[in-house]
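Student: Please give me a close look at one part of this protein, namely how its strands pair up. I would also like to see how that part fits into the rest of the chain.

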Amino acid sequence: LFVEHPLAEEQQVTLSREQAHYLFGVMRLTTGAQVALFNGQDGEYRAEVVEAGKRGGTLVCRDRIAPQSMPPDLWLMFAPIKKARTDFIVEKSVELGARRILPIQTEFTNSERIRQDRLQAHATEAAEQCGATFVPEVTELHRLDRLLADWPEGRQLMFCDEAQAGAHARLPDTDAPWAILIGPEGGFSDAERARLHALPYAHAVALGPRILRADTAAVAALTLWQTTLGDWR
Ligand code: SAM
């Protein structure tokens, strides 16, 4: 369970109403039950339920069962699509080890609004489900042009471009931080594509000879990056 609370041996953790509902209402845990807790900083702790109520509860951390681990410094940038597919991208980005998830607005972005809190909750659930000890931040919607104008020094960009189909992925072997960029269902505009190709830190890659849907492209790109440069090397 993810908690926004410092964790250490014998540390007491107070649960929110939603967390109490989940543990005691849905999971039917009672006093004495063991729960694994993480907060994104202190690793994972085995904690014991010492107080179980309808609107709240208290756990006490016993021992640390896993050290804190961080995914590589990889951003996943994508243009939000339909709700269920956007949720899918967030979930898979967490499972496949992105450190930060940035919804971006491009010229052809299908959806101009996102529910950041909902997407962040999805990221938290995905981290809980896959045993991660870190929850990536899902940022607010960024405009692609502004993000590129203010690009962090040194960060490399893997620009997924279906127009490269047939070409091999060429990613320089570097320990620099990276970002993956996936376009919207309608793809990038000619102007965006030209700008992206001209950036010295951008590397255009193909994800095979067919046009993938944006959610498939996100999974394929994360997998490709992790196998070539990331923590599956
Ligand atoms: N512009 C295209 C069209 O309308 O024919 C489709 C865009 S595709 C559905 C959505 C995004 O997925 C693209 O902008 C690109 O970033 C990525 N993508 C899909 N297939 C790809 C491939 N074979 N190689 C690299 N990127 C791909």
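Tutor: A good place to begin is with the word "domain": the bounds used here come from an automatic or database domain assignment. For this chain, the assignment gives domain 1, covering 12-66, and domain 2, covering 74-228. Between the C-alpha centres of domain 1 and domain 2 there is a distance of 34 Å.

Two practical notes before we go in. The structure is a predicted model, in which local features need pLDDT of at least 70 and side-chain atom pairs count only at pLDDT 80 or more, while totals for chains, interfaces and linings use all residues. Residue numbers start from 1 along each chain as its sequence is written.

Now the overall frame. The C-alpha atoms of the protein chain occupy a box of roughly 60 × 35 × 30 Å along the principal axes. The chain carries six helices and eleven strands (DSSP runs, H or I with at least four residues for helices and E with at least two for strands, numbered from the N terminus).

The part I would zoom in on is an open sheet of four strands, ordered β1-β4-β3-β2 and paired antiparallel (a pair needs at least two DSSP bridges between the strands). The edges are held by β1 (12-15) and β2 (34-38); each of them has a single partner strand, so one side of each has no neighbour in the sheet. From one strand to the next, the twist averages 40° (axes are lines fitted to C-alpha atoms, with angles from 0 to 180 degrees between N-to-C directions).

Let us walk across this sheet, starting from β1. The partner of β1 is strand β4 (residues 57-66), and four bridges join the two in an antiparallel arrangement. As a landmark in that pair, Val 13 sits opposite Leu 59 in β4. Moving on from β4, we reach β3, and here eight bridges connect β3 and β4, again antiparallel. Leu 59 turns up in this pair too, as the bridge partner of Val 49. The link between β3 and β4 is a hairpin, with four residues between the two strands. The last step takes us from strand β3 (residues 44-52) to β2, an antiparallel pair with five bridges. There, Val 35 faces Ala 47 in β3.

Two residues around these strands deserve your attention if you look at backbone torsions. In general, most residues other than glycine have a negative phi. Glu 10 has a phi near 70°, which is positive although the residue is not a glycine. Glu 10 lies in the segment before β1, and it counts as exposed because it has 8 other C-beta atoms within 10 Å (buried means 20 or more such atoms within 10 Å, exposed 12 or fewer, partly exposed in between, with C-beta atoms placed from the backbone). Arg 28, also not a glycine, has a positive phi of about 60°. You will find Arg 28 in the loop between α1 (17-26) and β2, and it too is exposed, with 9 C-beta neighbours inside 10 Å.

Beyond this sheet, you can follow strand pairing in the parallel sense as well. Strand β9 (residues 156-160) runs parallel to strand β10 (residues 178-182), and four bridges join them. In that pair, Leu 157 is opposite Ala 179 in β10. Strand β9 is also joined by four bridges to strand β11 (residues 202-205), once more in parallel. Here the bridge partner of Phe 159 is Ala 204 in β11.

For packing, try Ala 123 in helix α3 (residues 116-130). Ala 123 is buried, because 23 other C-beta atoms lie within 10 Å. Leaving out residues up to four places away in sequence, Ala 123 touches Val 90, Val 94, Ile 101, Val 135, Pro 136 and Val 138 (contact means C-beta atoms, placed from the backbone, within 7 Å). Of these partners, Val 90 is 33 residues away from Ala 123 in sequence, yet their C-alpha atoms are 6.1 Å apart. Across the whole chain, residues 24 or more positions apart make up 71% of the contacts with a separation of 6 or more. As for burial, 31% of the 233 residues of the protein chain count as buried.

Finally, there is a ligand. Among the 19 residues around it, the nearest are Cys 160, Glu 162, Gly 183, Gly 187 and Ala 217 (near means a C-beta atom, placed from the backbone, within 6 Å).

Conventions: Contact = placed C-beta atoms within 7 Å.
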